[in-house]
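User: Could you take a close look at one part of this model for me, starting at a loop and then working inwards? Backbone oddities and burial are what I'm after, and please spell out the cut-offs as you go.

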Amino acid sequence: MERESQKANLKTHLIFAYGTLKRGFPNHYLMEELVNEDDAVLVGVYLTEDHYPLVCGPHGIPYLINLPGLGHRVKGEVYAVSEGAVAKLDEFEGVSAGCYERLPLTVVAAVEEGGGRVEAEAYWGHRRFGEVLWKTKGEVGLKEYGEKEAKEYVRKVNRLGGRNSILDLVP
């Protein structure tokens with residue numbers, strides 16, 4: 001029992017999942033694996049405190065764009081995760097490849113969950129292409145990544161060359 005509580009205390013990062021990692025979506029299996037390994041726990045449903053653009057890029061991949069004041073308050077899920085889980089998520093999200101950046105944001109719990117405000121981190125569309133993608137999408141964003149958007153999602157294994165073509169937007 002002592003070992004379990006020690007490991008639980010190691011979930012020092014709060015991650016805001018707004019797209020394919022959410023429950024019921026194509027990449028949630030990764031969060032389930034982390035939960036089963038006791039490296040993550042679902043905290044609840046949250047909204048971004050500020051408005052941000054949320055758009056889908058090539059392959060139906062969702063991107064939260066770090067342009068505060070534009071777009072909508074975005075709905076997602078917050079997970080408390082371990083340092084090891086962050087490393088796995090960073091790899092999955094292509095942080096080192098320049099697909100996403102893990103940066104802080106403030107989120108507020110849904111009313112039914114108490115409405116508390118917390119500082120978390122999210123995987124933002126990389127600054128090298130974020131604003132360009134927002135403009136390409138006509139500066140129209142989503143409030144929430146949903147079933148309609150998920151139908152457009154193409155898994156990495158099914159993409160030409162297994163890569164994310166969002167990087168084609170950057171010089």
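Analyst: Glu 139 counts as partly exposed because its relative accessible area is 44%, where buried means under 20%, exposed over 50% and partly exposed in between (1.4 Å probe, protein chains only). Quick ground rules: this is a predicted model, in which local features need pLDDT of at least 70 and side-chain atom pairs count only at pLDDT 80 or more, while totals for chains, interfaces and linings use all residues. Residues are numbered from 1 along each chain as its sequence is written, and side-chain values use heavy atoms, with hydrogens and water left out.

Back to Glu 139: it isn't a glycine, yet its phi is positive, at about 55°. You'll find Glu 139 in the loop between helix H4 (130–136) and helix H5 (147–150); helices (H or I, at least four residues) and strands (E, at least two) are DSSP runs numbered from the N terminus.

Asp 38 plays a similar trick, with a positive phi of about 60° despite not being a glycine. Its loop runs between helix H2 (28–36) and strand E2 (40–48). Asp 38 is partly exposed too, because its relative accessibility is 29%.

Now for another acidic residue, Glu 93, which sits in helix H3 (residues 83–93). Glu 93 counts as buried because its relative accessibility is 11%. Leaving out residues up to four places away in sequence, Glu 93 touches Leu 21, Cys 99, Tyr 100 and Tyr 123, contact being heavy atoms within 4.5 Å. UniProt's unreviewed entry lists Glu 93 under "active site"; such annotations may be inferred rather than shown by experiment.

Cys 99, one of those contacts, is buried because its relative accessibility is 7%. Cys 56 also counts as buried because it comes in at 16%. The disulfide count is 0, with a disulfide taken as a pair of cysteine sulfur atoms within 2.5 Å.

Finally, the inside. The largest nonpolar core (buried Ala, Val, Leu, Ile, Met, Phe, Trp, Tyr and Cys residues joined through side-chain atoms within 4.5 Å) has 43 residues, and Phe 16, Leu 64, Val 81, Leu 89 and Leu 105 touch the most other members. Strand E6 (residues 100–109) supplies the largest share of this core, 5 residues. Val 81 has contacts, beyond four places in sequence, that include Leu 10, Ile 15, Met 31 and Val 86, along with Lys 11, His 13 and Asp 39.
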